[in-house]
Amino acid sequence: MSSNPPHVTEFDPDSLDTQPEGSLEALIARVEAEVRELQFPGFSADDALNLGLLLVELGKERGLPIAIDITKGDQVLFHVALPGATPDNGYWIRAKQRTAARYEVPSLLVGLRGRLGGGRIEDNAWFDQSRYAAHGGAFPIFVTGVGAVATVTVSGLPQVQDHDLVVEALRDILGSALEV
């Protein structure tokens with residue numbers, strides 16, 4: 001992960017406290033850089049399975065109470081709930097996945113960009129919170145030269161941690177693919 005300059009503390013979208021100046025913009029820049037970096041040459045059902053199993057492995061190793069989903073259009077390619085995940089995680093997965101699919105950027109980025117002018121995207125009447133969630137954890141699967149073809153979503157942790165776990169797994173899978 002790219003780190004912030006030493007004088008900028010990372011923005012915490014879950015905190016109601018005053019955030020350090022520049023931290024929101026720094027986190028937006030980091031996520032935008034991840035979008036540019038995490039591009040697949042292609043994405044198959046086998047790739048979805050490998051990515052899902054890697055997330056399961058990371059979750060089990062760390063004892064994380066998460067649910068994991070990989071969806072392509074209306075087709076669920078992978079879905080699992082690890083011990084400690086709750087039925088609510090299914091709601092969050094669907095809402096975050098819809099957000100990432102609709103805007104074709106990570107769900108965290110949608111929420112962060114919505115805060116740039118002050119407030120939150122959820123404060124707008126047109127943002128349907130019964131269907132969408134601008135919270136971190138859903139990341140589009142980008143294929144170079146094609147665009148977003150699927151989404152991978154994690155739910156169960158604070159939103160930046162959900163996002164970071166997905167990014168970690170995407171980096172690992174892409175690194176493995178480049179070594180072949």
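**Exercise 1.** Which side chain does the side chain of Thr151 join in a polar contact of 3.3 Å?

*Solution.* This is a predicted model. Start with the place of Thr151: strand β5. Next, check its exposure. Its relative accessible area is 2%. The cut-off for buried is under 20%, so Thr151 is buried. Now look for the partner. The side chain of Gln97 makes the 3.3 Å polar contact with that of Thr151. Finally, list other neighbours. Beyond four places in sequence, Thr151 touches several residues, including Asp69, Ile70, Ala100, Ala101 and Phe139.

**Exercise 2.** Place strand β5 in its sheet, then find the helix lying across it.

*Solution.* Write out the strand order: β1-β4-β5-β2-β3. The sheet is open, with mixed pairing. Its edges are β1 (39-40) and β3 (75-81), each pairing on one side only. Take β4 (residues 138-143) and β5 (residues 147-155) next. They pair in the antiparallel sense over six bridges. Ile141 stands opposite Ala150 of β5. Last comes the helix. Helix α3 (residues 87-103) lies across β2 (67-72), β3, β4 and β5, and runs at about 155° to β5.

**Exercise 3.** Check the length of helix α2 (residues 45-62), then describe both ends.

*Solution.* Count 18 residues at 1.5 Å each; the expected span is 26 Å. The end C-alpha atoms are 26 Å apart, so the two values agree. At the start, a side-chain oxygen of Ser44 comes within 3.3 Å of the backbone nitrogen of Asp46. Just after the helix, Gly63 has a positive phi of about 65°. Buried residues of α2 include Ala48, Leu51, Leu55 and Leu58.

Definitions and conventions: Residues numbered from 1 in each chain as written. Predicted model: local features only at pLDDT ≥ 70, side-chain atom pairs only at ≥ 80, totals over all residues. Heavy atoms only, no water. Pairing = 2+ DSSP bridges. Helix = DSSP H or I, 4+ residues; strand = E, 2+ residues; numbered from the N terminus. Contact = heavy atoms within 4.5 Å. Axes fitted to C-alpha atoms, helices over the stretch in contact; angles between N-to-C directions. Buried < 20%, exposed > 50% of the residue type's maximum accessible area, 1.4 Å probe, protein only. Polar contact = N/O pair within 3.5 Å; in protein donor to acceptor, adjacent residues only side chain to side chain. Expected span 1.5 Å × (residues − 1).
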